[in-house]
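Hello,

Here is the structure I promised to pass on to you. Please open it first, and then read my notes on its salt bridges below.

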Amino acid sequence: MALTGNRILCNNQFSLRRPILLPSNSSTTYWSQGRRSQFTVLAAKKFTSGKNKRSTSISTKEPVKEEEEEFQKINISIGGSEDGGGGATAMIDDGFVMPQLPGLETDFWEGPQWDGFGFFVQYMWAFGVLFSLIACGIAVATYNDGAADFKATPVYKEAIQSQNLLEEPEASGSDVFESNPTEEAPNPSHLLLINFCYSQSINCFLDIFTLQETMSVVDEPLYPIAVLIDELKNEDIQLRLNSIRRLSTIARVLGEERTRKELIPFLSENNDDDDEVLLAMAEELGVFIPYVGGVEHARVLLPPLEGLCSVEETCVREKAVESLCRIGSQMRESDLVESFIPLVKRLAAGEWFTARVSSCGLFHIAYPSAPEPLKNELRTIYSQLCQDDMPMVRRAAATNLGKFAATIEQPHLKTDIMSMFETLTQDDQDSVRLLAVEDCAALGKLLEPKDCVAQILPVIVNFAQDKSWRVRYMVANQLYEFCEAVGPEATRTDLVPAYVRLLRDNEAEVRIAAAGKVTKFCRILSPELAIQHILPCVKELSSDSSQHVRSALASVIMGMAPILGKDATIEQLLPIFLSLLKDEFPDVRLNIISKLDQVNQVIGIDLLSQSLLPAIVELAEDRHWRVRLAIIEYIPLLGSQLGVGFFYDKLGALCMQWLKDKVYSIRDAAANNVKRLAEEFGPTWAMEHIIPQVLDMINDPHYLYRMTILHAISLLAPVMGSEITCSKLLPVIIAASKDRVPNVKFNVAKVLQSVIPIVEQSVVENTIRPCLVELSEDPDVDVRFFANQALQATK
């Protein structure tokens, strides 16, 4: 390197670090090595010339060995001259320590030793592709070898031997629910094959092909069973639900003993599942007696159902109670005493209200088979449930009181049960009192008439005036049942006034319930009482401010005509009928129309046609299409009642008019109506009055109406017979195949297909088939599809 003639300080070793310039008389350069160092002062000989006195240099071409020897000079005394050229060297120790500069240490993860590893990581994808191609090649070349090799292995032989489990399910002592169910389940064709594939470990493709090949050879029905058992503990709710719904299949395979010892305990421990799964379990266990060994082992089904009776979901508890009742009704009397009655007592004493609610539905099963001391205890427990702190428990007790009372002896019925009933009727919760209303009818049938009048009738009268409209609603729904229990005299003096108050109740919901039962209540009464007390209320309800009240009345008022007789119907009911037929609410009109036949039986067709037919014709053109649809549905009935001539004069034009209605449902119903009229009045009448008018509409400008006529023709053809179909209907159908609208043309193909069974084969070959061949070449794809479909029917 080229240097100037200034002095340079060098340490005893040559270093490539950056030089450090120190201030001096001349520029000085230091090479530091770390700690305190001794420096050698080298004086370079100055070479001057007259031309360029600044050009002083040290040759860089000297041998390396000589340069190193110079740098290794130490402790040279100051002033010593080496070459007489004016240079001098000296040992200097100024006490300065050079610091260790950061970043000078070599990192372990840097260097050429990692180059090979980096290359592998960079091109790892290429190695993966290469290995995959090799594996695919091996799999394709050897996939047939796996199945053949598998048959010779001990795994396959053990799989075949395990088929005997179907005939001897008790032979296995393992518990499929204590370990992995798929390991113990008798499934040789799939699960053991997986173990074989693991042991072979050739590659994934070989495993798949071996599995498919072997499954096609081994006929083993137990694989689905193992899957079902495995799915009982699956995290997916749908899989668990699917498995629970097939518990009977699992039980048949496991056998009766293993079902009792393994499956049922497993279900008992897993009652904290989702509500859907628990509901399915409760339903399945109700029919599980044949799978546990019959009624002598039915008691093993009680523990899982007892757990389900305590869950929070109402529908699960109700289904569990239903299953317990079904099982208890089949159990032996000794098992009921030993197992079922203790279960009822445990539930009734449960800390959580859900168990006590469920227990109320089981007393009527447990009580008949209980010995006398237990019967007294059960009656006492039920009485406590009727006074429970939780309203939900009292509601359950009120709901099931009638069932429980049906199993009680007559002496206890008048004392214990009536005491419970009185407690429930005076409950401060209206939800409990309204359920007690249902018990009135049930208890009234069990008591003698005099006891019923003395104990039940006052409760009914009070309930009819209860402050809660929901209680009055329940009374209005069931009052007619009480009439049969208390007798005609009490009905006339007490229940009729109560029913009149309900018909005039302030709440519309109560009036709706009372109006819906007016016909049933009038059947119990004499016509005179009905006309005197009930009919005035009916007139008021026909103009009630609530449309739902009028609709409820319209649905039953026609049934009053046979009860009141012809004169009262004409005089009292017909004005109400006409008023309701003109009601602005469509449902009211529909309910009147649907019961016209009941009025016809009483007043006759002449009076019906004079009074009600104009209103019916007006409704046939109602702006609400549902009203028109209801009229169409009752046209054949009216036709049979009015007669052929009268019907055609009054309603014939309407039947044709409906074929051109704007609503498709009306047009479709009108086409079916034409068919039903042809069936009612015969082909001759239809040929004279219906067919000509129908065929005239085939040329209507609107294609939707033309399609409706084609539909009507397809319905009329079976009724009219082969001769009329070939002479009158078929030419019209063939002409319609030339229509410009594709929708009409493919409907022609469908109509021709429906006509083929009716006409003779010669007509099919000469007329229908050529038309279909022509349609099969139509540019429209739908026309071609239906034409080809019809052609298939001609072969």
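A quick word on terms before the tour: a residue is called buried under 20% relative accessible area, exposed over 50%, and partly exposed in between. Please keep in mind that this is a predicted model.

By that yardstick, E257 is partly exposed because its relative accessibility is 26%. Its partner K261 is exposed, at 56%. The two side chains form a salt bridge, with 2.7 Å from N to O. Both residues sit in helix 12 (residues 256-269), and since they are four residues apart, about one helical turn separates them.

A second pair to look at is R332 and D335, whose closest N and O atoms are 3.1 Å apart in a salt bridge. Here R332 is partly exposed, with a relative accessible area of 39%, whereas D335 is buried, at 3%. This pair also belongs to a network of salt bridges that links R299, R332 and D335.

Then there is D430 with R470, a salt bridge with an N to O distance of 3.0 Å. This one connects distant parts of the chain: D430 lies in helix 22 (residues 430-446) and R470 in helix 25 (residues 469-486), 40 residues apart. D430 is partly exposed at 21% relative accessibility, and R470 is partly exposed too, at 34%.

If you would like to explore further, the search of the whole structure found 26 salt bridges.

Enjoy looking around!

Best wishes

How values were computed
Residues are numbered from 1 along each chain as its sequence is written. This is a predicted model: local features need pLDDT of at least 70, side-chain atom pairs count only at pLDDT 80 or more; totals for chains, interfaces and linings use all residues. Side-chain values use heavy atoms; hydrogens and water are left out. A salt bridge is a side-chain nitrogen of Lys or Arg within 4 Å of a carboxyl oxygen of Asp or Glu. Helices (H or I, at least four residues) and strands (E, at least two) are DSSP runs, numbered from the N terminus. Buried means under 20% relative accessible area, exposed over 50%, partly exposed in between (1.4 Å probe, protein chains only).
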